[in-house]
Amino acid sequence: MPDARTPFFDFDVTKMFADFRFRPFDVEAVWAAQRRNIEALSQANQLAVEGVHALAKRQIEMTQQTLEDFSTLVREMAQPVSTEDRIAKHTEFTKKMIDKGLTHGREVAALAAKAGTEATEVLQKRTTEGLDEMRAFTCKSAA
């Protein structure tokens with residue numbers, strides 16, 4: 001006895017897509033847009049890496065300076081002086097180190113923000129350009 005049900009995949013695909021019109025699009029323009037996307041990502045990555053290098057270099061310089069200052073303090077504290085003079089020197093050193101620490105913290109934050117901002121601006125600009133390109137592709141294919 002033959003099966004009355006038709007198999008699930010037994011249908012005519014050409015009838016299903018008969019009304020579908022594929023509008024040709026400019027493949028070269030799409031590839032060029034993707035190339036620009038990759039270039040923007042590469043540029044943003046390069047800016048981020050340069051920012052991290054500058055930040056690391058500056059932090060190393062700050063650390064060296066702090067260690068030199070601390071070494072100077074230890075040498076001065078080893079000298080025989082009165083207790084009052086020792087407390088005054090230690091207080092002055094502590095005040096300077098707190099001020100330097102705050103200044104260095106601000107500088108590090110500014111360097112990090114600058115690196116992030118530069119990289120983000122490149123990506124934001126490319127995103128805007130990419131959306132404009134997509135709009136242009138849509139307008140061309142609709143015409």
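Which backbone oxygen lies 2.7 Å from a polar atom of the side chain of Thr117? The views below, taken from a predicted model, begin with that residue.

**View 1. Surroundings of Thr117 in helix α3.** The backbone oxygen of Ala113 is the one that lies 2.7 Å from a polar atom of the Thr117 side chain. Thr117 has a relative accessibility of 40%, and because partly exposed covers the range between 20% and 50%, Thr117 counts as partly exposed. Ala44 is 73 residues away from Thr117 in sequence, yet the two C-alpha atoms are 9.8 Å apart in space. Ala44 itself is one of the buried residues of α2.

**View 2. Arg126 and the residues it touches.** Arg126 is also part of helix α3. Its relative accessibility is 6%, so Arg126 counts as buried, the cut-off being under 20%. Leaving out residues up to four places away in sequence, Arg126 touches Ala33, Arg36, Asn37, Ala40 and Glu133. Of these, Ala33 and Ala40 are listed among the buried residues of α2.

**View 3. Helix α2 from end to end, with its buried residues.** Helix α2 runs over residues 27-78. With 52 residues at 1.5 Å a residue, α2 should span 76 Å; the end C-alpha atoms are 76 Å apart, which agrees. The buried residues of α2 include the alanines Ala29, Ala32, Ala33, Ala40 and Ala44. Gly51, Leu55, Arg58, Met62, Leu73 and Met77 are buried in α2 as well.

**View 4. The largest pocket and its lining.** The volume of the largest pocket is about 170 Å³. Its lining consists of Asp69, Thr72, Leu73, Glu76, Lys89, Glu92, Phe93, Lys96, Met97 and Lys100. Two elements, α2 (27-78) and α3 (83-142), each give two or more residues to this lining. Helix α3 gives the most, with six residues. By class, six lining residues are charged, three are nonpolar and one is polar. Leu73, which lines the pocket, is also among the buried residues of α2.

**View 5. The protein chain as a whole, with three helices and zero strands.** From the N terminus on, the order of elements is α-α-α. The chain has 143 residues, of which buried residues make up 15%. Among contacts with a separation of 6 or more, 80% come from residues 24 or more positions apart. One such long-range pairing in sequence is Arg126 with Ala33, which touch.

Notes
Residues numbered from 1 in each chain as written. Predicted model: local features only at pLDDT ≥ 70, side-chain atom pairs only at ≥ 80, totals over all residues. Heavy atoms only, no water. 1 Å grid on protein atoms, 1.4 Å probe; cavity = no way out; pocket = protein on both sides within 12 Å on 5 of 7 lines; lining within 4 Å. Points joined across faces, edges and corners; volume = space filled by probe spheres on them. Helix = DSSP H or I, 4+ residues; strand = E, 2+ residues; numbered from the N terminus. Nonpolar A, V, L, I, M, F, W, Y, C, P; charged D, E, K, R; others polar. Buried < 20%, exposed > 50% of the residue type's maximum accessible area, 1.4 Å probe, protein only. Polar contact = N/O pair within 3.5 Å; in protein donor to acceptor, adjacent residues only side chain to side chain. Expected span 1.5 Å × (residues − 1). Contact = heavy atoms within 4.5 Å.
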